[in-house]
Amino acid sequence: LLDVSWYTESMRAGHPVEITHRHKLQEQQISEAEVALFSVSSYACQRRTTLDNHNSNLTDALSLLAENAELNNEDGRGVAFRRAAALMKALPTQVISMSQLRGLPCLGEHSLRVIKDVLENGVSSEVESTKQSKRYKALKILTGIFGVGAKTADRWIREGIYNLEQLRHSGQTLNRAQKSGLEHYDDLNEPVTKAEADAIGEIVQKAVDSVLTGSQVALTGGFRRGKLTGHDVDFLITHPEEGKEVGLMPKVVAWLESQGFLLYQKTTRNSYLESKDGPARPASNMDRFERCFSIFKLTKGKEQETASHKIWRAVRVDLVVSPISQFAFAVLGWTGSKLFERELRRWAGHEKNMSLSSHALFDNTQNKYLRATSEEEIFAYLGLEYIPPSERNA
Ligand code: DCT
Ligand code: MG
């Protein structure tokens with residue numbers, strides 16, 4: 001997939017490849033022939049992207065600009081920066097010169113300008129000025145509240161609200177989610193660890209065991225891809241007998257609530273993927289999908305709680321119930337990364353004339369749904385090499 005012949009050859013010849021400083025580079029006058037040239041597939045779902053990122057200086061810069069674009073509702077621009085960042089994440093070595101990027105896909109003029117700035121000056125001036133801008137800072141703070149999206153944050157900023165203090169004194173009416181989000185702001189902006197995710201997994205497993213024996217719980221999202229921290233914990237729940245999962249979510253939520261595990265919960269019947277990205281034709285078996293956005297109360301230790309010593313923390317948890325017939329699609333759709341999922345759907349549509357969602361795969365040429373019981377089968381239908389979760393970190 002990746003052409004690293006130069007890299008291995010120069011390693012053998014004893015050339016230094018881990019040169020990080022540009023002045024050192026200039027002094028050594030490294031010729032282009034000596035610089036690694038990469039060959040990379042253009043869809044992120046064709047690439048293996050591990051958490052081992054050799055270009056975090058570049059991906060951090062591009063990701064920040066992507067985030068800023070998304071916060072300003074500039075989706076096209078956001079995706080362009082995400083694609084560029086994902087491409088840099090997939091490179092097998094550190095990029096030290098612009099010439100190495102020649103012929104690579106996904107790098108638009110703007111992204112190349114940012115990369116050049118970082119390679120030459122250590123930082124991108126656009127990133128630095130974005131970080132310093134009053135608007136970006138306010139958008140970050142306000143969308144850091146669970147339940148607040150870019151549009152709400154923008155409205156508040158236009159009304160002169162830039163931080164939590166101003167929001168609290170503004171007299172703005174907050175919905176239930178936003179009130180909860182504001183109340184648990186610090187906890188919810190603290191990364192969730194794998195150990196905390198596992199502890200919550202045990203609680204969720206206990207909940208489903210108590211309400212329906214034989215139910216299965218799968219950890220999805222970033223933790224399934226091997227990430228050590230996340231902004232939330234994502235679970236998928238199913239039952240091996242089709243139809244048994246109907247009505248499961250309210251029971252699980254009621255059990256969790258009765259045990260005092262929930263600080264907030266809201267259950268919706270349709271997932272966002274279903275409403276936005278599902279196959280063009282509605283499938284009758286889709287209205288069963290249920291999702292619960294929640295905030296868990298996770299006890300940290302066994303010490304006694306006092307007025308000044310809180311022994312629990314709030315954690316964002318997403319629960320999704322899927323019928324077993326859609327489980328493989330749901331696991332694939334909820335494992336991420338977001339860009340990997342977006343690219344899978346783009347590949348399916350543009351290259352295969354198929355519609356992929358986290359419920360199903362529809363073949364528009366054959367005019368039929370393609371059934372699958374494993375992620376491997378879905379990749380095979382799509383004509384893609386199987387990429388395991390740990391290599392979907394695009
Ligand atoms: N997802 C998606 N498209 C979205 C949102 C989510 O395909 N717009 C999928 C991919 C990942 C999964 O749902 C869970 O979403 P997040 O929790 O937002 O992502 P994550 O990778 O788990 O990130 P984090 O580690 O920060 O929770
Ligand atoms: Mg997650």
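Okay, let's start with Tyr 264. Which residue is its bridge partner in E6? That would be Ile 295. And before I go on: this is a predicted model, so keep that in mind throughout.

That pair belongs to a bigger set of links. Strand E5, residues 262–268, is joined to E6 by six bridges, and the two run antiparallel. Strand E6 itself covers residues 290–299. Is E6 mostly covered or mostly open? Mostly covered: of its ten residues, seven are buried.

On to the next neighbour. E6 also pairs with E7, again in the antiparallel sense, and here there are ten bridges. If you want one spot to click on, try Glu 290, which stands opposite Val 321 in E7.

Now zoom out to the sheet. What order do its strands come in? Reading across, you get E2-E4-E7-E6-E5, so to speak, five strands in an open sheet with mixed pairing. The edges are E2, residues 216–219, and E5, and each of those pairs on one side only. From one strand to its neighbour, the average turn is 25 degrees, direction ignored.

Over at the E2 end, how many bridges join E2 to E4? Four, and those two strands run antiparallel. Strand E4 takes in residues 233–238. Within that pairing, Leu 219 has Phe 235 in E4 as its bridge partner. A handy thing to remember when you look at any of these strands: in a regular strand, side chains alternate between the two faces of the sheet.

So what lies across this sheet? Helix H12 lies across E2, E4, E6 and E7. Relative to E2, H12 runs at about 165 degrees.

H12, which is residues 194–211, also packs with another helix, H14, residues 248–258. Their axes are 9 Å apart and the angle is about 115 degrees. Is the crossing left-handed or right-handed? Right-handed. On the H12 side, the contact is made by Ala 207, Val 208, Ser 210 and Val 211. H14 brings Leu 248, Lys 251, Val 252, Trp 255 and Leu 256. Sort the residues of that contact by class and you find seven nonpolar, one polar and one charged.

Next up, ligand 1. Which residues surround ligand 1? Going along the chain: Gly 221, Gly 222, Lys 227, Gly 230, His 231, Asp 232, Asp 234, Trp 334, Gly 336, Ser 337, Lys 338 and Glu 341. Two elements give two or more residues to that shell, helix H13 (221–224) and helix H17 (338–352). By class, the shell holds one nonpolar, six polar and five charged residues.

Stay with Ser 337 for a second. Where is Ser 337? In the loop between helix H16, residues 327–335, and H17. The peptide bond joining Gly 336 and Ser 337 is cis, with omega at about -5 degrees. And both Gly 336 and Ser 337 are among the residues around ligand 1.

While we're on backbone details, here are two asparagines. Asn 73 has phi near 60 degrees, a positive value in a residue other than glycine. Asn 73 lies in the loop between helix H3 (56–71) and helix H4 (75–89). Why does Asn 73 count as exposed? Because 12 other C-beta atoms lie within 10 Å, and the cut-off for exposed is 12 or fewer.

The other one is Asn 367, where phi is near 60 degrees too, again positive in a residue other than glycine. Asn 367 is found in the loop between strand E9 (361–363) and strand E10 (368–370). Asn 367 counts as exposed because there are 8 C-beta neighbours inside 10 Å.

Those strands bring us to another sheet. This open sheet has three strands in the order E8-E9-E10, with antiparallel pairing. E8 (354–356) and E10 stand at the edges with a single partner strand each, so one side of each is left without a neighbour in the sheet. The twist averages 25 degrees from one strand to the next. E8 and E9 run antiparallel and are joined by three bridges. Met 354, for instance, has Asp 363 in E9 as its bridge partner.

Last, the whole protein. There are 18 helices and ten strands. Of the 394 residues, 34% are buried. And if you take contacts between residues at least 6 apart in sequence, 69% join residues at least 24 apart.

Conventions
Residues numbered from 1 in each chain as written. Chains lettered and ligands numbered in written order. Predicted model: local features only at pLDDT ≥ 70, side-chain atom pairs only at ≥ 80, totals over all residues. Near = placed C-beta within 6 Å. Nonpolar A, V, L, I, M, F, W, Y, C, P; charged D, E, K, R; others polar. Axes fitted to C-alpha atoms, helices over the stretch in contact; angles between N-to-C directions. Left-handed = near helix turned anticlockwise from the far one by under 90°. Contact = placed C-beta atoms within 7 Å. Pairing = 2+ DSSP bridges. Buried ≥ 20, exposed ≤ 12 C-beta atoms within 10 Å, placed from the backbone.
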